[in-house]
Each structure stands twice: as structure tokens, then as C-alpha cells.
Amino acid sequence: LNEIQRNFRELLVNHPSVGYAFMYTLEQKNVHRLFSKASFTPLTYDEFLKLPVYQEVIKRDGLPIWLGPYEYTELTSNEPVFTLIRVVKDIDTLKNKGILLVQIRTSDLEAIFRYLRYKQEHTKYMIVNKEGLILYDSNGQLANRPVSELMSNIDLSERNMVQRGTFDNVESVVSSISFGNYEQWRLVAVTPREVI
């Protein structure tokens, strides 16, 4: 166990995108910090139990849930970070031991979108949740805004969508695609019609 924890900590220390990792232990009912690069104070165990995401995590029984920036600020703060949450099981008994949270900074995403901006400089890319909140914006200008403020008739209910319309007062073509089996988020690309 000590070797596993040491290897896990080394992985976290060496990865520049990881901000923190901690676990809510179910038996001791407390918070166990595994790693922290930032001054972040997690919610208490009792406060965490009151959040709707707690029931979702338990229901998924070990499958991860991703939280985007601005979705559960009481749990992840107002930082532009993505948070992975999942149940941790005892390797021998498969009983739930705790709930692991790992905070990931957007630096890796920025590297990907930097390349796309270079190749397609006029296209904006966004990660949008199912409620229409912009979690990440490749230009860094639209995050934490409802996409409906920028385009009133946008329909994100389809897995894949392409439509024409006015986006942020510019005639554009907007396309959206879901993240594989993760139905909570969409990748949205917006290109001005005159560029096309």
C-alpha cells in the first residue's frame, strides 16, 4: 500500500496539470489529502454528503464523473479546473472505501486548442455542458457564460449537430459533437460564415 501511494504521489507531483488529489474516506468519514500543489481547502465530509454529485458518484460504482469549471464551485472552487470524482474500492473485497477527487488544470487542453487555433484561426472551440454553460473556451473569453446568450436558437440535445445562425452577433456555422459515451458535455465549434 505504501508503495502504491508513493507511486501515485510521484505521478501527481510530476504531472504539471494536477492541482490536488484527496479522498473522502467512508469508514473514518474524513478528508485524506493525497497531494496538493495549491492552497485549496476541500469541503468537510458532511458537507460533501449533502451535494447531489455524491449520490451520482455512489450510483456509478467506480466509474468516473467529470466536473467542469463552474459546475460545482462549492466543491472545486471558482478556478478553471476539471475535476475527476470516482469511488475507490478495496482491492480484495470490492467494498467502497472512499471517494477520490483529482483536480486537473486546463493546461493540457490549452495545448490541444493552441494547435487547432493555429490550423483554423477563425474557429472558436468550446466545451459546453448539457445545461448550456460554457466550461472551456479556446479563446478564453466566453467561459462561465450560457451559450444561449450568444446564440438563442442553439440545440445541444442531439449527439451531433450542425446549424447556421448568428453567434455573438456574427453569421456563423455552429457544430456540436458529444464526448463519446459521456453525454454530459459537448464540443462546440463556431466558424464565421464568411470564412467558410
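**Close-up 1. The side chain of Gln163 meets the backbone of Asn153.** In this predicted model, the Gln163 side chain comes to 3.1 Å from the backbone oxygen of Asn153. Gln163 itself sits in strand S8, which covers residues 160-167.

**Close-up 2. What surrounds Gln163, a buried residue?** Its relative accessible area is 16%, and since the cut-off for buried is under 20%, Gln163 makes the cut. Setting aside neighbours within four places in sequence, Gln163 touches Met151, Asn153, Ile154 and Asp155, and also Ser172, Val173 and Val174. Asn153 thus turns up again here, as one of the contacts of Gln163.

**Close-up 3. Strand S1 is tucked inside the structure.** Take residues 18-25, the stretch that makes up S1: eight of the eight are buried, so the rest of the structure largely encloses this strand.

**Close-up 4. S1 lines up with S5.** The partner here is strand S5, residues 96-105, and the two run antiparallel, joined over seven bridges. For a handy landmark in this pairing, look for Met23, which stands opposite Leu100 in S5. As a rule, side chains in a regular strand alternate between the two faces of the sheet.

**Close-up 5. Stepping back to the whole chain.** Zoom out and you'll find five helices and 10 strands. The chain has 196 residues, and 41% of them count as buried. Among contacts with a separation of 6 or more, 40% link residues 24 or more positions apart. As for the outside, the accessible surface is about 11,500 Å², with 50% of that belonging to carbon and sulfur atoms.

Key
Residues numbered from 1 in each chain as written. Predicted model: local features only at pLDDT ≥ 70, side-chain atom pairs only at ≥ 80, totals over all residues. Heavy atoms only, no water. Helix = DSSP H or I, 4+ residues; strand = E, 2+ residues; numbered from the N terminus. Buried < 20%, exposed > 50% of the residue type's maximum accessible area, 1.4 Å probe, protein only. Contact = heavy atoms within 4.5 Å. Areas by Shrake-Rupley, 256 points an atom, 1.4 Å probe, with all protein chains shown as cover. Polar contact = N/O pair within 3.5 Å; in protein donor to acceptor, adjacent residues only side chain to side chain. Pairing = 2+ DSSP bridges.
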